[in-house]
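Student: I would like a close look at one part of this model, the place where its two domains meet. Could you take me through it in one connected account?

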Amino acid sequence: MAHPDLHVQFQGDQQQVAIVRLARPAKRNALNDALVLAIRDTFDTLPASVRAAVIAGDGDHFCAGLDLSELSERDAGQGLMHSRMWHAALERVQYGPVPVIAALHGAVVGGGLELASACHIRVADESTFYALPEGSRGIFVGGGGAVRIPRLIGAARMTDMMLTGRVYNAADGERIGLAQYLVPAGESFAKALELALRIAQNAPLTNYALMHALPRIAEQPADQGFFTEAMMAAIAQSAPEAKERVRDFLQGRAAKVQKA
Ligand code: 1HE
């Protein structure tokens, strides 16, 4: 579903990277229902050329979360369905066809943090701050945050954020695991795009395994996890592309790992 506040473009030689921009800066990219559905539909219908995606926000903030002006008149049943709609949309981000990199700046709050936590990599710039103001608004997370955020930072830190309104700055956010990268102010989009272009060069099956197998393996009991890992490893290494890439390395045609 096309939406005036969600802009989608493509970059790279073969249009391998989709750039998805929240474009509602006057409302700090607050997510109304139409925008949430547009995110779902965008990740459902990415062209086959796309190998990675970047999601970013226009203006001074990544995303102010749920559009609070739509909250007013829902009853319990409607609230349940509303949360499930967010789940369906962010499920398409996390378990869609390609890895998604969030380019963060300014406010990453409430549903904005839930959206960011559904992405595979988060790149923050120094202006980024994180909060879960649901606690002080008298509500609860509903966009998958109760599942995804403790997996990033632990239930104790999320509990503190919601009970006390604690705001994490960019440096502390990176330290506790809210973002994997921290870059100077204004540079998160460029870094996210650089990473997306790099990720787009990976074998698609490896990217698929990292998106779809790894998080499930990490949730399995060790014995089942080892078995699932072995299955995934066998499938990945049997792909012709894997054999070609290994041959390239052995014959000196592929890049070595460089010291960090
Ligand atoms: C909004 C929203 C919004 C801004 N819904 N309209 N999220 C929150 O509780 C965060 C609420 N927002 C803020 O705390 C601040 O707006 C920010 C820290 C993000 C940015 O501050 P600032 O000074 O740059 O902007 P502003 O002046 O507060 O807001 C500019 C406009 O955006 C203003 O509207 P205007 O018509 O008066 O110009 C704001 O009302 C509007 N705006 N944020 C609606 N969130 C699936 S469940 C998820 C549950 C949640 O996400 S709850 C947390 C919601």
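Tutor: Buried area is the accessible area, taken with a 1.4 Å probe, that two parts lose on being put together, summed over both. In this predicted model, domain 1 and domain 2 bury about 700 Å² between them, and 58% of that area is on carbon and sulfur atoms. On the side of domain 1, the residues that lose the most area to domain 2 are Tyr95, Pro99 and Arg151, which together account for 56% of what that side buries.

The two parts in question are assigned as residues 6–199 for domain 1 and 204–250 for domain 2, and their C-alpha centres lie 27 Å apart. Counted by contact, ten residues of domain 1 meet seven residues of domain 2.

Turning to the polar side of the interface, the rule finds one salt bridge across it. Arg151, already named among the residues that lose the most area, forms a salt bridge with Glu219, with the closest N and O atoms 3.1 Å apart. Three residue pairs in polar contact, both members at pLDDT 80 or more, are also found across the interface of domain 1 and domain 2. The residues with which domain 1 touches domain 2 comprise five nonpolar, three polar and two charged.

As for the setting, the protein chain has eleven helices and nine strands, and its C-alpha atoms fill a box of roughly 65 × 45 × 35 Å along the principal axes. Its radius of gyration is 19 Å, which agrees with the value near 18 Å that a compact globule of 260 residues would have.

How values were computed. Residues are numbered from 1 along each chain as its sequence is written. This is a predicted model: local features need pLDDT of at least 70, side-chain atom pairs count only at pLDDT 80 or more; totals for chains, interfaces and linings use all residues. Side-chain values use heavy atoms; hydrogens and water are left out. Domain bounds come from an automatic or database domain assignment. Contact means heavy atoms within 4.5 Å. A salt bridge is a side-chain nitrogen of Lys or Arg within 4 Å of a carboxyl oxygen of Asp or Glu. A polar contact is a pair of N or O atoms within 3.5 Å; within protein, one must be able to donate a hydrogen and the other to accept it, and residues adjacent in sequence count only if both atoms are side-chain atoms. Ala, Val, Leu, Ile, Met, Phe, Trp, Tyr, Cys and Pro count as nonpolar, Asp, Glu, Lys and Arg as charged, and the others, Gly among them, as polar. Helices (H or I, at least four residues) and strands (E, at least two) are DSSP runs, numbered from the N terminus. The radius of gyration is taken over C-alpha atoms; the globule rule is 2.2 Å times the number of residues to the power 0.38.
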